[in-house]
Amino acid sequence: MNPDPEKLRVLLDDVLPSSSEHCGPSSAELLSMLRNERHRRHRRHTGAALLAIIAVAAGALFWQNEPTVVAPVVQAPAKPAPITIRRVNDEELFALLQGTPTAVMKLPDGGRRLLVISEPFPSPR
């Protein structure tokens, strides 16, 4: 299908602006917009630098005038009660360990050892 060239030209004239119409900014307007943007960015960077200098100076003043903090006094823990050791005979020892499987073993050199069984031995299979 071949489109009609006259209809195509009319459609293009409707869609595209004519050369006599104003389309976009002129070169003078464009240069003015660029100049304004450059000035805006320069002011923003200058303001940020000035703000940083003020913040550093204020921080230095506050840091120098900070009051000295004294560490709180901590009381030493109380001394524990001294341990007292008392000698007991075999009957008193067995009374203290009542309900616990215990035995006293005599050694060949005359010494004695207390045996306390905490777990039953596993049975052999």
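Which side chains meet in a salt bridge with a 3.1 Å gap, N to O? Keep that in mind while we look around, and you'll get there at the third stop.

**Before you click**

You're looking at a predicted model, where local features need pLDDT of at least 70, side-chain atom pairs count only at pLDDT 80 or more, and totals for chains, interfaces and linings use all residues. Residues are numbered from 1 along each chain as its sequence is written, and side-chain values use heavy atoms, with hydrogens and water left out.

**Stop 1: the whole chain**

Show the protein chain as a cartoon. Its secondary structure comes to 3 helices and 2 strands, and reading along the sequence you meet them as α-α-α-β-β. Helices here are DSSP runs of H or I with at least four residues, strands are runs of E with at least two, and both are numbered from the N terminus.

Now switch on the surface. The protein chain exposes about 12,900 Å², and carbon and sulfur atoms supply 62% of that. Such areas come from the Shrake-Rupley method with a 1.4 Å probe, and for residues only the protein chains shown count as cover. How many of the 125 residues, as a percentage, count as buried? The figure is 0%. Buried means under 20% relative accessible area, exposed means over 50%, and partly exposed is in between (1.4 Å probe, protein chains only).

**Stop 2: two surface patches**

Select Asp4, Glu6, Asp13 and Asp14, which form a negative surface patch. Asp14 sits in helix 1 (residues 5-15) and counts as exposed, because its relative accessibility is 63%. A patch takes residues with over 30% relative accessible area and no salt bridge, joining like charges within 9 Å and nonpolar side chains (Val, Leu, Ile, Met, Phe, Trp, Tyr) within 5 Å. Asp and Glu count as negative, Lys and Arg as positive, while His and the chain ends are not counted. Each charge is placed at NZ of Lys, CZ of Arg, CG of Asp or CD of Glu.

Next, pick Leu30, Leu31, Met33 and Leu34. Together they make a nonpolar surface patch of about 390 Å². Leu34 belongs to helix 2 (residues 27-64) and is partly exposed, at 48% relative accessible area.

**Stop 3: a little network in helix 2**

Stay on helix 2 and select Glu37 and Arg41: here is the 3.1 Å salt bridge (N to O) from the opening question. A salt bridge needs a side-chain nitrogen of Lys or Arg within 4 Å of a carboxyl oxygen of Asp or Glu. Glu37 and Arg41 are 4 residues apart in helix 2, so about one helical turn separates them.

Add Arg40 to your selection. Its side chain meets Glu37 in a salt bridge too, at 2.5 Å, N to O. Arg40 and Glu37 are 3 residues apart in helix 2, about one turn of the helix. Glu37 is partly exposed at 29%, Arg40 at 37% and Arg41 at 46%.

**Stop 4: from helix 3 to strand 2**

The count for the model comes to 3 salt bridges. To see another one, select Arg112 and Asp90, whose closest N and O atoms are 3.2 Å apart. Arg112 lies in strand 2 and Asp90 in helix 3 (residues 90-96), so this pair ties together parts that are 22 residues apart in sequence. Back in helix 2, shared partners join Glu37, Arg40 and Arg41 into one network.

**Stop 5: the hairpin**

Finish with strand 1 (residues 102-106) and strand 2 (residues 112-116), which pair in the antiparallel sense over 5 bridges. Two strands count as paired if DSSP finds at least two bridges between them. Click Val104 and look across to Leu114, its bridge partner in strand 2. Then try Thr102, which stands opposite Val116. The hairpin has 5 residues between the strands, and Gly110 takes a positive phi near 100° there.
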